[in-house]
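Visitor: I should like a close look at one part of this model, namely its salt bridges. Please describe which residues pair and how they are placed.

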Amino acid sequence: MMGPTHAMSGAAAWLAGSWALGEFMNIHQRPAELVVGAAVCAGAALLPDLDCSGRVTANKGGATVARTFGVASLFLAECVEKFALAVYTVTRAKHDPKRKNGHRTLTHTWVFNVALGGLVAFLAGHWGKPFVIGLLFFTLGLAIRGLLADWAKERGWIVVTLLSAGAAYGAWLWLPADRGFPLLGLAIAFGGVIHTLGDMITRAGCPVLWPLPLAGRVWREIGVPNFMAVQVNGGFERGFLRPFFVIVAGLAGILLAVPDILDHLR
């Protein structure tokens, strides 16, 4: 899938999941947590593609996430791609093919995304405000780059960076002081897993179950049959999936807001 679809799916999944938790398990979030969580999850839904690097010195190429902060994020993507390729090369089984790049390998596994979410939750609790502001700056920047793809592309990475910094600071001030840090880790993990589910309905699939051996391979791509696969940036993705995620996010947001609105009216 393309970046905007990934980002919108992350926001929609967080809001719909939050509504379900409140409706069926009586687990509620404050408005600030809902908004920030949805934005962070939208940004995290782009994170796995940080293994798709471009040309650093030319500030070109790479996935949407790699272009968010210009050369800095392109360089980070280059490092992640090389690390992912190294992990693939070291751990691949006999029947896993040789690869020349690390795209759709380590960062597209469930182990990686769940572990990353756990690490984020731990570091947020251990380091507190400095780490949380840095995390919000990065993930909100990704969310802006994904959700407002055309607008962000026209304005460039400097505008996205400045807007991300302002949004991160505002989000920090808005978040309740006694809650929210563990939820940021959950949003990171949830967004990454949602990304892999999106890629699994394309022809390429994802090695989500690594390092479990499956028929002699540990990096086996898992996905739908080719006749059911979605064409990346095709008519179905642009004409159905994106509007669907927008509708889900909007409907979930309305359902989450209705109880508070009714309380204020009473």
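Guide: A salt bridge is taken here as a side-chain nitrogen of Lys or Arg within 4 Å of a carboxyl oxygen of Asp or Glu. The model is predicted, so local features need pLDDT of at least 70 and side-chain atom pairs count only at pLDDT 80 or more, while totals for chains, interfaces and linings use all residues. Residues are numbered from 1 along each chain as its sequence is written, and side-chain values use heavy atoms, with hydrogens and water left out.

Asp-199 pairs with Arg-104, their closest N and O atoms being 3.3 Å apart. Because Asp-199 lies in helix 8 and Arg-104 in the loop between helix 3 and helix 4, this salt bridge ties together parts that are 95 residues apart in sequence; helices are DSSP runs (H or I, at least four residues), numbered from the N terminus. Asp-199 is buried at 0% relative accessibility, and Arg-104 is likewise buried at 16%, where buried means under 20% relative accessible area, exposed over 50%, and partly exposed in between (1.4 Å probe, protein chains only).

A further salt bridge joins Arg-217 to Asp-96, with 3.0 Å between the closest N and O atoms. Arg-217 belongs to the loop between helix 8 (181–200) and helix 9 (235–265), and Asp-96 to the loop between helix 3 (71–91) and helix 4 (110–127), 121 residues apart. Arg-217 is buried at 14% relative accessibility, as is Asp-96 at 2%.

Glu-154 and Arg-155 also form a salt bridge, at 3.1 Å between the closest N and O atoms. Glu-154 is exposed at 64%, whereas Arg-155 is partly exposed at 41%. Elsewhere, salt bridges with shared partners connect Glu-78, Glu-81 and Lys-82 in one network. The structure holds seven salt bridges.

Definitions and conventions
Helix = DSSP H or I, 4+ residues; strand = E, 2+ residues; numbered from the N terminus.
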